[in-house]
Amino acid sequence: MSFPKKIVFYFLLLFSAFLLFFPVMYAFMISFMTGGEIMQGKFFPQTFTFDNYFRVFERLPLMKYLINSFVVSAGVMIGQLIVCSMAAYAFVFISFKGRDFIFFLFISTMMIPWEATMIPNFFTIQKLDWTNTYQGLTVPFFALAFGTFLLRQHFKTIPKELFEASQIAGLSRFAFFWRVILPVSKTSLVTLGAYGFLTTWNMYLWPLLVTNNDQVRTVQIGLKQLQSQEVATEWGVVMAGVIVVIIPTLLLLFIGQKQLQKGLTQGALK
Amino acid sequence: ACSNNESKPEPSNPNDEEEGTAESPGKVEINFWHAMSGAGQEALDSIVSDFNSSQDKYTVNAEFQGSYEESLTKLRSVGGTKDAPAITQVFEVGTKFMIDSGYIEPMQSFIDKDNYDLSQLEENILNYYRVDGKLYSMPFNSSTPVMIYNKDAFKEAGLDPEKPPQTFNEVKAAAEKLTKSGEQYGFSMLTYGWFFEQLLATQGGLYVNEENGRAGDATEAVFNGEEGLRVFNFLNDMNKAGTFGNYGTNWDDIRAAFQTGKVAMYMDSSAGVAAAVNNSPFEVGVAFIPYADDIERQGVAIGGASLWMSKGIAEEEQEAAWEFMKYLTTPEVQAKWHIGTGYFAINPAAYDEDIVKAEWEKYPQFKVTVDQLQQTKPSVATQGALISVFPESRQQIVTALENLYQGADPQEVLDQAAEGSNRAIEIANKTKK
Amino acid sequence: MKKVELLNVSKTYDKKTEVISNINVTIEPGEFFVLVGPSGCGKSTMLRMIAGLEDITGGILRIGEKEANHLPPSKRDISMVFQNYALYPHLTVMENIVFGLHVKKIPKLERKTRCNDVAAMLGLSEYLNRKPRELSGGQRQRVALARAIVNEAPICLMDEPLSNLDAKLRAHMRSEIRQIQRRLGITMIYVTHDQVEAMTMGDRIMILHDGKIQQIGKPIDIYNHPANPFVATFIGSPPMNIAEGVMNEMQSEILIADICKIKIPDEDSRLLQTKQVLVGIRPEHIKAASKETSHESRMVVEAINVEILGNETIFSFKVGGHEWTAKWNGQWRLQVGDRIPIQMKYESICLFDRKTNERIKAPTDIENFILDKEVFL
Amino acid sequence: MKKVELLNVSKTYDKKTEVISNINVTIEPGEFFVLVGPSGCGKSTMLRMIAGLEDITGGILRIGEKEANHLPPSKRDISMVFQNYALYPHLTVMENIVFGLHVKKIPKLERKTRCNDVAAMLGLSEYLNRKPRELSGGQRQRVALARAIVNEAPICLMDEPLSNLDAKLRAHMRSEIRQIQRRLGITMIYVTHDQVEAMTMGDRIMILHDGKIQQIGKPIDIYNHPANPFVATFIGSPPMNIAEGVMNEMQSEILIADICKIKIPDEDSRLLQTKQVLVGIRPEHIKAASKETSHESRMVVEAINVEILGNETIFSFKVGGHEWTAKWNGQWRLQVGDRIPIQMKYESICLFDRKTNERIKAPTDIENFILDKEVFL
Amino acid sequence: MKESSVSLLAKPSIWKKSLNARTALLYLFPSILLFSVFVFYPMFRTIYLSFFLTDQHGSAALFVGLENYTYLLESQAFRNSIKATILFVLYTVPAGVILALFLALIANEKLRGIGFFRTIYSSTMGISVAASSVVWLFLFHPSVGMFNRFLSLMNLPEVQWLLDPDWALLSVSISTIWLNTGFSFLILLGGLQNIDGYLYESAKIDGAGYWYQLRRITIPMLSPTLFFIITISLINAFQSFGQIDILTKGGPSQATNLIVYSIYREAFVNYQFGTASAQAVFLFLCILIVTILQFKFGERKVHYQ
Ligand SMILES: Nc1ncnc2c1ncn2[C@@H]1O[C@H](COP(=O)(O)OP(=O)(O)OP(=O)(O)O)[C@@H](O)[C@H]1O
Ligand SMILES: Nc1ncnc2c1ncn2[C@@H]1O[C@H](COP(=O)(O)OP(=O)(O)OP(=O)(O)O)[C@@H](O)[C@H]1O
Ligand SMILES: [Mg+2]
Ligand SMILES: [Mg+2]
């Protein structure tokens, strides 16, 4: 690439990166400011104090929330991986009547607004006596049309000869699934896992509904608890909370970047 | 959707028991659902833990349940069952719903049983929650609206900072003077139905028929009468004149505007006074809310939330809840609450506590809020309206205000809001069992 | 070592058209049996029916003495090598090889020794710990082979195992597979569309076209006595040249594409009964005309393409509407456009009935040498 | 029609190892120049440097008379056919063909006529509105070709354009490409790793190995006079057999792998100066021993693999540590294990210096026929 | 012998067929069960409720037939919601996809340190709606927000981002676009990297410039990925909720009262499950129709390899 062209690209890259990351940087800066500084609308804090962070952890059992969030997100992730991969496996490697219809049915669930189903689901959870439990927070999300779709697309790229070879070797269906399909589809599984983990980590309304106390609550509720309605909000603390909440997911994203990208594209293409 | 309310009579959820194991076995444990976040939660948590350590019979678990709407949604699903929390905090507009719901035990029964002396509490607050002479819930976080103004700006504009405007016309005139085009608006008000209700009440205007819903189920909204129109005209005039700043529906936005000198006068909750004084780089004054010129000032209705006791839970839990509520009303606790949050002390004796005195020393503005409350003339208007679909109706008012600010006709938007509320009321009455 | 027998086997995917129809063949124990035919003729389908990967929709399949129509693949005592190898990409070479043994619960120690033996035999010992993607095409192919061999199944099926390899490796693997099959004495059913593979590897080959058997037999017999024009052009490279011919009863000669006449000897005059024939001649049987060649059987053609391959020269020319090729040994300095006198002998040509496509006459002057006769020992 | 000249061209990707080193060659206008070599030897790299798709890290490239090191690809007057065709899958055949013309802002009408002409020439007229994915491999290949031709660029580069095709189509395309190149008179630089393609298509071929030129010349010359053992075994199929040999000065003979002696005629006795040699002989030069064969030059070998290909028979046997092959015409009824008497003539062998790898002697009895001499007209 | 073979053929084939279906069912069982309980059942319940008025406890109280629907269609507020939703989709989807495409294009160049930029661009995927909306709330702040400060710094009139009904939807759209950029970017980048480099080399030899290559090669070749991301973005846009709740709560003047938010408010604040359900059914139909249209018309233009 020629030199002037390089300059143009670097300029675009830097400029976009700045714009895109500005909100995060801004939140980061505010998290170090005092109430007065924030109201004056500064960008750089006068001194970097960790007061807001101390206060966040003081005010809320944030560690507990983080751990809960982690357990719930990991739980949903694992659940989704199992349920979706099994469904996708059936769609790809077992031919049976009505397969396309059931698949269409699965896909159609992507279009149902979650808000429309939330209240009845809440009652269901209550009937099951699952409020305040991890299963109440996780199980409803195990079946995921997007995930099934993504994995199905990937499974389709696996040569069917692998299936046949293992049939000749005498492998059972499940053994084939377990010992061949899953290991071979690692990238897609990582992708779906990351997707499931992130979306679960970011959930707010559902965890709020099905929990009554701090026992299994997740960190997004904590974020909400930092903001007040009638009484003035302390923005510095809220932003500290925001930073604490996004750091684990950002870290996860940075680490899994490559894998994620690979897996996502496989799903995107027919 | 409530068929599940009669669910299995199992002991309440396992986590409570887990928590209980930490305590000595004889203790009665109750849950307290609240919607206090931010500073309110901080103060509340400390009161609850004080209570828990002040005696060894009861343990209260204060549990945040999201915003008022969210927590009410949850209550609806467990109300009347064993799973219901012993105490629930419900915002004032949910009062009618709670009374009708059948989930709750009226406070009055305990007051009678215990011979509790109600007179020690602030009459004007109790009035709101008293229906047919029965107190249904225990007031908790109560606030009234006040007008907060920028004394420095007053001086600058040649106004007397110690004599804030009182009537609509005075406010308009002052706003005119205070407005500096592009830099500072004279007056602002949060786009929130509560303030409209207050400006209505202080004129003695009613919100709904049937004596503001206190003589029976309201069937029609009447806020679009002359009092309501006055309020809308008041706002509309200033908006047209460019002296009114619109800062939307978010409490923090309007406060920030005031604190950064963008607005010279605005309506706030009494609970916001302390922050306004603290965060503003200028001197802050607090005044009564304005009233229509040719009319006598009636005073304000309270806002905020109260605590409700559940029916259908174990007796000793109700007992515990009652004990906790009594504890809450003690002057010491109320003093602490008042200072921590800016909400009123429901027990006026609290204002004599030293800590309050010290605080008032620092913030003489607090006194104005209490005065306003105590000078209120009790009537159905200042008691506040009772309707089950209040949240929806408030939303109608918000929309009406927003449209007003966009230049719509005051009477028209008001009528639309009334119409919308009527439909909601109608449906609610139709489906009421 | 087991026999495989197909009785009237047929297959249809859509219940309407038969992809394979009425196949009757017995594959003897220890035989190297090659299934050859153009793309889409049903070779894979047939192999997969034998493996149990497709249902047999008609007829009976016997493996050993047992009817096997409904046996699951793992019970058929077969091993199979797939066209694209079907190696498990997440397992190492060793794990790939012992995968089937693992499933069959063979003790670990034995698995290991068997794997090592096979790996040594196929020259894979160095690569046992690599993943398939770290191997070259030829090495992958050998892993697939190893996986089939290690099972010691008496029957081995291979579906175009060499089609992805380059020419050199292919030649090498051809002989390797053949040698392994001989050493182990297994019954091999081998699918290919490459006639060179079919010729060089098979004890017997079966030529399939449109799901029907064209001919079964030893490679050389098929080469020398093709049953129909399809077989004639399919086997042999460059393919046999074909043109329409007309028998002239009067002069007892064949007129090929109106430009060349060939005299029919008296003893073959019975052939004259069919008028419309197809005449075929293999490129190597088209010789340069020499001074001795009679005028009639001589023909002068114009080269339209010349390829000098070092040890042989191939040139092509037009006969009627067909492009014919001739193959001569050695390096011929020919140019495109050169007019080349050639001769065709009656003994070299092959005649088919144009209507029935049946062979009327095979070439008789095959250059068929027997070592003892030709060579001084 | 332009000349392409490489002066001392070299290329390194990582600034450490040279992938291509010191290439000096002039490709004449209108020449069909083939670049051949094993996989990874740098063929594509060299072609891409000529195309301007890779930087030239050393030396000078001239196209026509101009230095072209820093010209952008579009200014080099070239067209290129990629190994995998690089057809635009979202465009129709016609759009693919005229893509370059479109870019060059050639008027619509002319685009159309040129496209139709080229399509007709390559037999693509029927497919102009199809998408590449609806074409067979051979048709795709022709579209790629058409796209290159339609530009009427004086130089055309092709990178293994036939490697994805099956044998039959490949043979056909070979002659087609050759004919088109001749007709248009363009300069063609053609990359392949297939020696048959190199032999049959090139006016001259250049053999590359490890980024270095091994030999440049006419295909037949290279076949007959390979410069070193690498070239000798790379060109010709089956490859030339190679074994270590030792010169015996006393008896003026060569001892091949301790089992066979060949007498060196007196006139060649100067060859005896090198003691350690490599002896090469092409498979077709290994003949069956006949009664006339002298005892010394006769050898009895055991066949370890036999392939009867219908018109020729290839068998292999061990010589020293090497597997040798012999190719005989006709069908020989040989069995594996047969002991076969063969003979090798001094005239047929090729000798290389074991140290320098240089050729000492080329075979002299090439079966080189000139039409006029052999054939009666 | 023939008979026996026929009987042998017939029996197991039925058995085998049902075996396949049964095995498949076994694998699908968890999904089917969960979907039935947590998606289909509530959906049917929603449809059921949409024919009723509900009481204060949210249970069906009064059958009103299609009245909820007719009310909705006549209601000014709901028409407004539809308008807002359509506008929101129009604001967010094309702009979001184009922005992500732009980022993917510049991040697809082979430059030093490109990994850093890719990470930054994909970072919004890891930030929750709740967290980011809080930050945006602050950025949009009428008096202390960065945007207005910046505007006044440039001597431009300040904008009431979330308060002016003309701006509010746009402001929410901006934050939504930002929020969705990470995901779209990652997918588009992946799509770009899947395009065969030979195509570009071939175009280079033909002399095609950057823009020409972009228009004639990159975009068409990327079309399957674009199609995927547009579909997902559409569905997401129709279902955006969190940012509305935090930023505007549907206001000002209902300008941002998207259907999903309106459903939420009807159900959670007003406790009118009947109308909420009717809206939900309506929304479902909208998404379904848009998706079908999208597949029908969009896919034609898509090229699959
Ligand atoms: N699953 C299937 N469903 C329907 N038809 C099929 C199926 N598999 C193969 N066919 C058809 O059956 C015929 C034979 O296919 P088969 O795969 O056996 O050919 P083949 O001889 O192996 O060809 P190739 O050499 O290309 O592999 C083809 O016409 C093909 O289209
Ligand atoms: N972009 C690159 N970066 C570093 N090394 C490269 C690159 N491209 C090719 N090489 C190396 O350069 C050498 C020559 O590669 P090239 O592609 O020219 O081989 P080739 O002769 O075309 O082989 P083939 O027949 O397999 O196509 C190889 O060793 C290869 O690994
Ligand atoms: Mg096949
Ligand atoms: Mg190459």
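Two residues are in contact here when they have heavy atoms within 4.5 Å of each other. With that in mind, let's walk around chain A and two of its partners.

This is a predicted model, in which local features need pLDDT of at least 70 and side-chain atom pairs count only at pLDDT 80 or more, while totals for chains, interfaces and linings use all residues. Residues are numbered from 1 along each chain as its sequence is written, chains are lettered from A and ligands numbered from 1 in the order in which they are written, and side-chain values use heavy atoms, with hydrogens and water left out.

**Stop 1: chains E and A**

Select chain E together with chain A. You will find 82 residues of chain E in contact with 90 residues of chain A. Buried area is the accessible area (1.4 Å probe) that two parts lose on being put together, summed over both. For this pair it comes to about 7,900 Å², with 78% on carbon and sulfur atoms.

Next, show Y27(E), F38(E) and F138(E) as sticks. These lose the most area to chain A within chain E, together 11% of what that side buries.

Now colour helix α1 of chain E, residues 2–49 (helices are DSSP runs of H or I, at least four residues, and strands runs of E, at least two, numbered from the N terminus). This helix gives 21 residues, the largest share of the side of chain E that touches chain A. Colouring that side by class shows 58 nonpolar, 17 polar and seven charged residues. Here Ala, Val, Leu, Ile, Met, Phe, Trp, Tyr, Cys and Pro count as nonpolar, Asp, Glu, Lys and Arg as charged, and the others, Gly among them, as polar.

How many salt bridges (a side-chain nitrogen of Lys or Arg within 4 Å of a carboxyl oxygen of Asp or Glu) are there between chain E and chain A? The count is zero.

**Stop 2: chains C and A**

Hide chain E and bring up chain C. Here 21 residues of chain C are in contact with 16 residues of chain A. The two chains bury about 1,600 Å² between them, 69% of it on carbon and sulfur atoms. Pick out Y88(C), H90(C) and F99(C), which supply 29% of the area that chain C buries against chain A, more than any other three residues.

Finally, zoom in on E164(A) and R48(C). They form a salt bridge, with their closest N and O atoms 2.5 Å apart, and the count between chain C and chain A is one.
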